[in-house]
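Student: I would like to learn how to read helix packing and burial in a model. Can we go feature by feature?

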Amino acid sequence: MVMVPSEDLTAGLSQAASLMDEGQELMHRMHELAEELRQVAAQLAQGIPAPAEAAQQLTQAAHAFEDWWRRAQKLVGGDLERSIPKVMQALEAHQQKLEMEIQRQKAMAVLEQVGSLSYGGKEEFMPLSEIQFEALGMLRALKGAEQLDDTALALAAGTHPYALLVRLIANPDLSDDDWQETYQAVKQSLGNELAVAAARGRLRLE
């Protein structure tokens with residue numbers, strides 16, 4: 001089962017990446033214009049009139065920068081400096097923040113799914129209750145974490161034992177090799193009882 005982050009986060013991440021690409025192009029264009037302006041200045045010093053397109057290109061570049069700067073400011077928020085390097089730094093920091101939030105959402109989704117597991121037997125299944133109690137504590141800590149630790153990243157990547165347990169339960173169409181590998185990993189990390197219960201269909205996602 002794929003954990004899908006919110007559309008707002010993915011859209012924001014896409015916008016940040018697009019703006020950073022535009023910023024790179026703007027910096028390249030500004031560098032080219034600077035060289036062209038140096039040539040124009042040398043021509044003016046020799047009494048040669050400046051070509052009409054030089055002013056037009058400079059105006060177009062200025063308009064492109066203003067439009068790019070406004071869109072970056074709207075995405076990042078706050079009052080950004082009118083400097084391409086500074087705006088690029090702000091966009092990079094914003095992108096990293098969004099990426100972390102996407103990873104947080106994926107990790108939290110796994111923990112929430114663990115919490116929603118039910119056991120088909122008549123009595124309480126202690127191995128499940130124990131990991132659900134632990135998952136609840138991890139979920140609370142993850143909500144307020146300023147940085148994501150290795151456990152959270154493993155949950156988001158689907159390599160944590162809890163993610164593997166959910167995968168085993170939620171994906172009955174796994175290939176034989178994938179099923180065997182996932183089953184053995186769950187058995188080794190979470191114990192034989194949980195692995196067998198998942199394999200025999202006694203654990204269900206609500």
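Tutor: Start with contact, which means heavy atoms within 4.5 Å. This is a predicted model, where local features need pLDDT of at least 70, side-chain atom pairs count only at pLDDT 80 or more, and totals for chains, interfaces and linings use all residues. Residues are numbered from 1 along each chain as its sequence is written, and side-chain values use heavy atoms, with hydrogens and water left out.

Student: Which residues does leucine 165 touch, not counting residues up to four places away in sequence?

Tutor: Leucine 165 touches Leu117, Ile131, Val186, Leu190, Leu194, Ala198 and Leu203. Its C-alpha atom is separated by 9.3 Å from that of lysine 187, 22 residues apart along the chain.

Student: Where is leucine 165 found?

Tutor: In helix α6. Helices are DSSP runs of H or I with at least four residues, strands are runs of E with at least two, and both are numbered from the N terminus.

Student: Is leucine 165 buried or exposed?

Tutor: Use relative accessible area: buried is under 20%, exposed is over 50%, and partly exposed lies in between (1.4 Å probe, protein chains only). Leucine 165 has a relative accessible area of 0%, so it is buried. Now widen the view to the helix. Seven of the ten residues of α6 are buried: Tyr162, Ala163, Leu164, Leu165, Val166, Leu168 and Ile169.

Student: How do the axes of α6 and α8 cross?

Tutor: Axes are lines fitted to C-alpha atoms, for helices over the stretch in contact, and angles run from 0 to 180 degrees between N-to-C directions. The axes of α6 and α8 (residues 192-199) come within 9 Å and cross at roughly 25 degrees. That makes the two helices roughly parallel. The cut-offs are under 35 degrees for roughly parallel, over 145 for roughly antiparallel and 65 to 115 for roughly perpendicular, with the rest oblique.

Student: Which residues make the contact?

Tutor: Leu165, Leu168 and Ile169 come from α6, and Leu194, Ala195 and Ala198 from α8. Sort them by class. Ala, Val, Leu, Ile, Met, Phe, Trp, Tyr, Cys and Pro count as nonpolar, Asp, Glu, Lys and Arg as charged, and the others, Gly among them, as polar. The contact of α6 with α8 has six nonpolar residues, no polar and no charged.

Student: Which residues of α4 are buried?

Tutor: Pro127, Leu128, Ile131, Gln132, Ala135, Met138, Leu139 and Leu142. To place them, take the arc of the directions from the helix axis to the C-beta atoms. These buried residues cover an arc of only 125 degrees, which puts them on the same side of α4. On the other side, Glu130, Phe133, Arg140 and Ala141 are exposed.

Student: What covers the buried residues of α4?

Tutor: The cover includes α3 (84-115), β1 (117-119), α5, α6, α8 and β2 (203-205).

Student: What about residues in a loop or with a polar side chain?

Tutor: Read them the same way. Histidine 160 lies in the loop between α5 (150-157) and α6 (161-170). It is buried, at 13% relative accessible area. Histidine 160 touches Met138, Thr151, Ala154 and Leu155, not counting residues up to four places away in sequence. Glutamine 95 lies in helix α3. At 16% relative accessibility, glutamine 95 counts as buried too. Leaving aside neighbours within four places in sequence, glutamine 95 is in contact with Leu13, Ala16, Ala17 and Met20.
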